[in-house]
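Reader: Could you take me through one part of this structure in detail? I would love a close look at the salt bridges and at how buried their partners are.

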Amino acid sequence: MFTSFFRIAWRNMIRAKGFTVINITGLIVGMASAILIMLWITNEVSFDRFHARKDRIYEAWNKAVFSGEMNTWNTTPQILARTLEKDLPEVETAVRVDWTQNSLLTIGEQRMTIPGNVVDSNFLEVFSFPMVKGNMKSALDNTFSIVLTEKLARKLFGREDPMGKIVRVDETDNFTVTGVVADLPNNTRFDFEYLIPWAYKHYRNDDDENWGNNSTRTYVLLKENASLASANAQMKLLKPRYDKTEPKWEMFLYPMDRWHLYSSFDNGVEDGGGRITFVRMFGIVAAFILLIACINFMNLSTARSEKRAKEVGIRKVVGAQRHTLIGQFIGESTLLSFIACVFAVLLVQVVLRPFNGLTDKQLAIPYGDWSFWLYVLGFILLTGLLAGSYPAFFLSSFQPVKVLKGTFRRSQAVFNPRKILVVLQFTFAIVLIICTIIVKQQIGHAQDRQSGYDKNNLVYHVFTGDIGKNYELIKNELLTTGVAAYVTKTSSPITQSWSDGWGQEWEGKDPNDKTDFFRFNADDGLGKTAGLEFLQGRDFDLRRFPTDSTGMIINESALKVVKFKEPIGKVIKDNGTDWHIVGVIKDFILTNPYAPTRPMLIAGGKAWFSTIMIRFNSANGTASNIASAEKIFKQYNPKYPFDYKFVDEEYARKFNAEARIGTLAALFAGLTIFISCLGLFGLAIFMAETRIREIGVRKVLGASVSGLVALLSKDFLRLVLIAFILATPIAWWAMHSWLSDYQYRVAIQWWVFAGAGLVSLLIALATVSFQAIRAALMNPVKSLRSE
């Protein structure tokens, strides 16, 4: 029986080659899109789920009110880990993780800057990063131990055994390789190529016991069967117990399975946002793209019902049962689904590399994973059932008497299932078009926002090696050689915030004020180097005004907080220092271009610095400036590479996440339109075939080509128009919800919807009109003779 089913299915596919190609093409594109999205979703939901103790691992978070809002964040005091082990009986152990700037690793004459982590010695016992060499329990016990990833071990030592080898870090201390871990998977939040023990921070006097210094991530392993509620009840009281100045400050433990997808908070409570929003959104997109491809199959199968009606009638007369016919038609759709899936997997393999570049992932088809093939089999069966169920029940319901007597007719209802399916297809396509346009508008809206400083010809270099010590020499050399127009040093790049704080004092301060200020430090010439606009006062100038070592520049948002009518000369006390205001600048964007600017305090020469900022001389070419600057840096910092960053490129990266969403939305909108138009094209072909006699008669009676084209196209365009009416409120709701997460956002404008509707109508018209024009131009004598 199955052989017979296969033979009949194959013959029907060969007999209707055009419709088979359209069906298979639509299914290939739909299934490939769904597979790509499901690979992405699988990667997202599996983040850090490979750790053996994942159900007992938590991250310590803070929660407190600042600037009138409840804030939550996941950096904690360094002393917290040992305190939790001491005070909470539910805690088995705690691990601190700090990150290093790209440290210089040296082996002989080989030097390279590599990112790493400083961790407690029990890190590899809590987290399941497989050890290739060494003992996880003792690898980080020694102050001068270092654990490498396999990738870094190959870079440093080639094929030699790295165990016991010496690596010099930042030209200060020698470390012994005591372990090698497998390269990190691409579904983990951790990002390191080497680990050094926390004991080294203690050796360098870099650790502290200050409860106000929230600079470290703390991970907690609870004991088996320990109560999270009990642990959190004690965590809530921990900060006030050790820091009497913060009576309302709370801490809590956040489970590992929610880190990646759910860590979005509003007023101290999970708000349902985060990356889970995108996972759900793209899951829906995958389902709808596949559904649209299946709709094509349904529509074309039912549209060809007259051609298969006699087959059904004869099979029923000779004794075929309805369930047998249903099985045959579902078998045909499953066969098509299988063929399409084979080509879809091949297509995915071809496009996976550019898709990885687009999504910033390292996805791969897990050919060796039996569960993947089980999913693929289920995918094929589901698609076959989804695509073939309606045609199977529809075709098998034909009554043989009516069919064989020739009284069977197609439904001429205003709304039949086929039309509803076409409307559903285009509704989803139009929603995606509208969403794509608004996402692109939001990105452009933020990109057009004035940054508040001049990004052109502006570069920065984080302090490495002797840059800090030789800063004045480097600065003078850059200026006297004409490489740079201005040079200054700062506490962080101008595109990032490395410090913020509260508790400052000033004249007339409201005792209840708990404003959280960005902290930024700068030396002479910040305004000229960065291109800042001063509203009052002046820039730092230590040569003319030595007291600028305790000078401070504030932004206009900070001025609104301190409420000084005459701010110049006023004092703000911060971290035990009295800073006097020398200038007020216009707000500039330090971090998030989609959020309002925050109050900022810029401290002068007495503060700490970690970055040199350079405005290249625009009279020289960029390549020439870089080459000359590199020579100067090599002269005064010879052991470290010249690792500069362009500020405009760093600023542009702030839009990467939204740009990625916009590009993906545009891609899937295009695929949806393509699949929908394939189905529309197939229906148009069938319409022309079934109305060939009518077209011939109308031409003989004097109908014009344009009139015939309009007649054949209007029904399809009416369906697209209905789809547009349905898509408009859905798209508005979706984009209104998405934009509500941004404080600085674009307004949703009516012309976006009108434009998307017009584009959809034009695409549909172009798809249908080709076949309509071809049918209208056919010689009526030939068509009537063939009939």
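Author: Happy to! A residue is called buried under 20% relative accessible area, exposed over 50%, and partly exposed in between. With that in hand, Glu-92 counts as partly exposed because its relative accessibility is 39%. Please keep in mind that this is a predicted model.

Glu-92 forms a salt bridge with Arg-56, and their closest N and O atoms are 3.0 Å apart. Since Glu-92 belongs to strand E3 (residues 91-99) and Arg-56 to the loop between H2 and strand E1 (57-66), the pair ties together parts that are 36 residues apart in sequence. Arg-56, unlike its partly exposed partner, is buried, at 16%.

Strand E3 also holds Arg-96, which is paired with Asp-120 in the loop between strand E6 (117-119) and helix H4 (123-126), 24 residues apart. Their side chains meet in a salt bridge at 3.0 Å, N to O. Here Arg-96 is buried, with a relative accessible area of 10%, and Asp-120 is buried too, at 6%. This pair belongs to a network of salt bridges that links Arg-82, Glu-85, Arg-96 and Asp-120.

A further bridge joins Arg-111 and Glu-171, with the closest N and O atoms 3.7 Å apart. Arg-111 sits in strand E5 (residues 110-114) and Glu-171 in the loop between strand E9 (166-169) and strand E10 (173-181), so this pair links parts of the chain 60 residues apart. Arg-111 is partly exposed, with a relative accessible area of 37%.

These bridges are among the 29 that the structure holds.

Terms used. Residues numbered from 1 in each chain as written. Predicted model: local features only at pLDDT ≥ 70, side-chain atom pairs only at ≥ 80, totals over all residues. Heavy atoms only, no water. Salt bridge = Lys/Arg side-chain N within 4 Å of Asp/Glu carboxyl O. Helix = DSSP H or I, 4+ residues; strand = E, 2+ residues; numbered from the N terminus. Buried < 20%, exposed > 50% of the residue type's maximum accessible area, 1.4 Å probe, protein only.
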